[in-house]
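Trainee: Could you take me through the disulfides of this protein in detail? I would like to see how the cysteines are arranged.

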Amino acid sequence: MIPAPLYYLLWWFLCLFPLRIEAKHDTLEHVAVLGCSFHLAKIQTWDYNNTENTRFYDTICTYPTAFESWAICVYDSVNRDNVTFEKSLNQIQLQCHCANDTNSISLSDYYDALNNGSVLAKPEPINSDIAINFPIHINDTIRNQIIFAYHTYGRNLDIGNTYGAYMYIYFILLLIIATTANFFQYTAFSNTLFKYKFLRLIRGYLIIPTLFKQHADYFVKGKYIIALTPTRSEALIILGYVLHHIYLLSAGYEFDQQNYLFASMRLQQLRFFADRAGILAFANFPLIIMLSTRNTICEYLTNVKYSSLIMFHKWIGRMMFIDVILHGGAYIIYAMITKSVVTSSKQTYYKFGILACFIILVLIIFSFGYFRKYYYETFLYGHIILAIWFFYTCWKHVEKLGWKEWIYSAIFIWILERAFRWF
C-alpha cells in the first residue's frame, strides 16, 4: 500500500498539469511553411494542369516547380539554419498528406527540391498573366508580411494554452494559503494569531459564514429555483476565479494590421477570440474532474470540506459552459460572415462541436439544484453519462486539431482516483 502522503505527492506531480505538452504553433519553421505555402498556393498561373485533385495545397505538393519554390521560400525564411530547415519537413509532410493521401516526401526529396530550385529560381513575376514554369523567389517584404501574419495566428493559439495553465497557478496559490492555515490550526501559533481582533473579524465575517445567512443554507424561490448558497470565502474564491478567467479570455492578443490572412480586422479578432475561448474551455477539464473526486490532494492538505470542492466544481463547469458558447457562437458568426457555413457543416470537427455544445447545455440544465435535491440518483448517473458523452464529442472535435492533452489529464486524474479508491 502506498502511504497517503506519497500518494498525494504522486497525484500532485502527475495530475495538476497536462501529461503531454502540445506542439507549439508559433515557431519559425512552422509559420514559414504555412506562410510560404499559403502564398504559393494562391498563385493561379502555374504551368500545371491537375484535374484529379482540387485541394488547396495539391499543386505545390505535386508540381515539382512549385514545390521547389516552397522549399526555397522556407529556406530563406529560416535564415539558412539547416537544423530549423530540416525541422520544417514535418509540417511539409503534414500539409501534403492532407492535400494528397498518397504523397510522401523524404528529407532527401526536400533537399533535392531546394538545391535544384535554387539554381533555376527567378523573382516572382509582377505580371499575373505569365505562365510560371520555373521556381520563384518570393519578394522579401511580402514573405515577411506573410510570416508575421501566421506568427500572430500561431501566437494566439500558444498563448491560449499558456493562459489555460495560468488558471492552475491561481488554484495553486489558494492551495498553498489554505494548507498553511490548516497547518497552523494544529500548532500553538493559531492561538497567538487569533488574539488579534482584526484576524478574528476576517474569520468571522469573510471565511466562515455563508454569503447571506447561516451555513449551507439553500436559496429557494418558488418550486423549481433551488441553489446551495456558498460561504463567503467560497464566494470570494469563485469571484477571483471568474475575474481571472475574464482577464485570460480578453488579454494578450496581437493582430496583423495588414490582414493578410483575413478579409478584415473584425474577422481576425473574431477568429482569435473564438480560438482563445475554445482552448480555455478545454483547460478547465482537469480542474473539473479533480474537484469532483473524493480523494484529492485539496482535502488532504487543506482539510476543506468536500461540499466546498463541489461548489468550485460547479462554478468552473459554468465558466466552461460560457467558454463553449462563446467559442461556438463566435465560429458560427465567423462562418456566416465568410459564407462558409455549408462547407464547415460538412466537416467532422464542426458536427461534433455543435453536438458538444448541445450536450453541455443539457448537462448544465440537469445540474440545477431542483434535480439534485429531488432526483439525486437520476442527476448523478445522468451527470456521469452526459459527462462521458461530452468528453467523447470534445475528443472528436479536436481529434486532428490538437489540445487533447487537457483531455488526457482529466481522464488520467479520474482513473488514478478510482484506482486508489479501490485500493
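Mentor: Happy to; here is a walk through the cysteines, bonded pairs before the unpaired ones. Keep in mind that this is a predicted model. A search of the whole structure turns up two disulfides.

Let's begin with Cys36 and Cys73, which are joined with an S to S distance of 2.0 Å. This pair links distant parts of the chain, since Cys36 sits in helix α2 and Cys73 in helix α4 (residues 64–77), 37 residues apart. The torsion about their S-S bond is about -75°, so this disulfide is left-handed. Both Cys36 and Cys73 are buried.

The other link is between Cys61 and Cys96, whose sulfur atoms are 2.1 Å apart. Cys61 belongs to helix α3 (residues 58–62) and Cys96 to helix α6 (residues 89–99), so the bond ties together parts 35 residues apart in sequence. With -90° about the S-S bond, the link of Cys61 and Cys96 is left-handed. Cys61 counts as buried because its relative accessibility is 9%, and Cys96 is buried with a relative accessible area of 1%. Counting the bonded cysteines along the chain, the pattern is 1-3, 2-4.

Now for Cys357 and Cys394. The cysteine sulfur closest to that of Cys357 is in Cys394, 8.5 Å away, which is too far for a bond; a disulfide here requires sulfur atoms within 2.5 Å. Seen from Cys394, the closest cysteine sulfur is that of Cys357, again too far for a bond. Cys394 is buried, at 5% relative accessible area.

Methods
Residues are numbered from 1 along each chain as its sequence is written. This is a predicted model: local features need pLDDT of at least 70, side-chain atom pairs count only at pLDDT 80 or more; totals for chains, interfaces and linings use all residues. Side-chain values use heavy atoms; hydrogens and water are left out. Helices (H or I, at least four residues) and strands (E, at least two) are DSSP runs, numbered from the N terminus. Buried means under 20% relative accessible area, exposed over 50%, partly exposed in between (1.4 Å probe, protein chains only).
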